[in-house]
Amino acid sequence: MKSVTCFAFIQNVTLEKKVIDCLSRFQSIHFFGFVNHRVDFLERINHFRPEILIIDLSQRKNEEVDILGLIHKPPIILGIISSKENPHFWLDKGLFDVLPVQFSNDLLIRKIYKILRLISDINSAYQLEPIAAENPIPFKSSKSSLTKENDSFFVRYQKVTTKIKPGIITIITKEKKFIVIETSTNQLYFHEATIKETAMQLPAAYFVRINNATIINLNYVDKNLKNLAYMGERVFTVSRSYYYQFRKALDALQKKL
């Protein structure tokens, strides 16, 4: 199944984390990211034109009704509503489905799976050539540690969350109250987190911390001489505290090649 694009407008941090956790388990979802402010949402939604929109409708009902009238509506809108709200009110506004604000992860996963199955069925119905068999929708169980290298990494800066693939990250450095993420596509991302928190969220097989302010992707290391790691024209010094961990991870990676 081809990737399905998704975008989210959620103003509650707890809800945002729950949605991130669920969406990151679906390989077939290309997630554009999160926004927390109405102005950012209105600017980005018409630019991205996602197939799925997840929107928090539990805060200010009248304002959210107005927003739905201003945007170019995606094919499928999944709303998060207050437990006091009547779901039929929002379904009449054109939403595909709704979730109570106290939803469980399993409930959201079932809703997303239902949406992906519907999109898959529609695509199959309009396929010009016969299909021998329908491919299952890829789903990554949270209990599986073997798929961690394929997971997405969520970068959050100034209340905007963006999804990127760990494989394109080359170097991560600490800059005062945030960190800077460099990629092989020559893009820079700012992330509001610590180096320690970031290291724990990335695949340990090829991301290693080499000092108190730097994490590198071993796949982009050209050579290693003593405590020096060469990456293109740049040279990084591996501190004594992290050298053993660095060498162990580098040797393990080289054995797999």
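1. Strand 10 of this predicted model presents two faces: Y189 and H191 lie on the covered one, L188 and F190 on the uncovered one. In a regular strand, side chains alternate between the two faces of the sheet. The reader may follow that pattern along strand 10, where the covered residues are Y189 and H191.

2. Strand 10 (188-191) is preceded by a loop that connects it with strand 9 (178-183). The two strands run antiparallel and are joined by 4 bridges. One pairing to inspect is that of I179, whose bridge partner in strand 10 is H191.

3. The hairpin formed by strand 9 and strand 10 has 4 residues between the strands. Within this loop, N186 adopts a positive phi of about 65 degrees, although N186 is not a glycine. Most residues other than glycine have a negative phi. N186 counts as exposed because its relative accessibility is 74%.

4. A second positive phi occurs at K226, with a value near 55 degrees, again in a residue other than glycine. K226 is placed in the loop between strand 13 and strand 14. With a relative accessibility of 73%, K226 counts as exposed.

5. Strand 9 also takes part in a salt bridge. R234 and E182 form this contact, their closest N and O atoms being 2.6 Å apart. R234 belongs to strand 15 (residues 234-237) and E182 to strand 9, so the pair ties together parts that are 52 residues apart in sequence. R234 is partly exposed at 36% relative accessibility, whereas E182 is buried at 17%.

6. The count of salt bridges comes to 5. Among them is the one between the side chains of K111 and D97, with an N to O distance of 3.0 Å. K111 is in helix 5 (residues 105-125) and D97 in strand 5 (residues 97-100), so this pair ties together parts that are 14 residues apart in sequence. Both K111 and D97 are buried, and the relative accessible area of D97 is 11%.

7. D97 also forms a salt bridge with K114, where the closest N and O atoms are 3.6 Å apart. This pair likewise links distant parts of the chain, since K114 is in helix 5 and D97 in strand 5, 17 residues apart. K114 is partly exposed, with a relative accessible area of 46%. D97, K111 and K114 are thus linked in a network of salt bridges.

8. Helix 7 (residues 240-256) has 17 residues and should span 24 Å at 1.5 Å a residue; the C-alpha atoms at its ends are 26 Å apart, which agrees. Its buried residues are Y242, F246, A249, L250 and L253. What covers them includes strand 11 (207-211), strand 12 (214-217), strand 13 (223-225) and strand 14 (228-231).

9. F9 lies in strand 1 (residues 4-9). F9 is buried, with a relative accessible area of 0%. The C-alpha atoms of F9 and I45 are separated by 9.2 Å, the two residues being 36 residues apart along the chain.

10. On confidence, the mean pLDDT of the protein chain is 80, and 86% of its residues reach 70 or more. Among the elements, strand 12 has the highest mean pLDDT (94) and helix 3 (residues 61-70) the lowest (70). Over residues 128-150 the pLDDT is below 50, and this stretch has 34 contacts in the model beyond near neighbours in sequence. Where pLDDT is low, the predicted coordinates should not be read in detail.

Terms used:
Residues numbered from 1 in each chain as written. Heavy atoms only, no water. Expected span 1.5 Å × (residues − 1). Buried < 20%, exposed > 50% of the residue type's maximum accessible area, 1.4 Å probe, protein only. Contact = heavy atoms within 4.5 Å. pLDDT = per-residue confidence, 0-100. Pairing = 2+ DSSP bridges. Salt bridge = Lys/Arg side-chain N within 4 Å of Asp/Glu carboxyl O.
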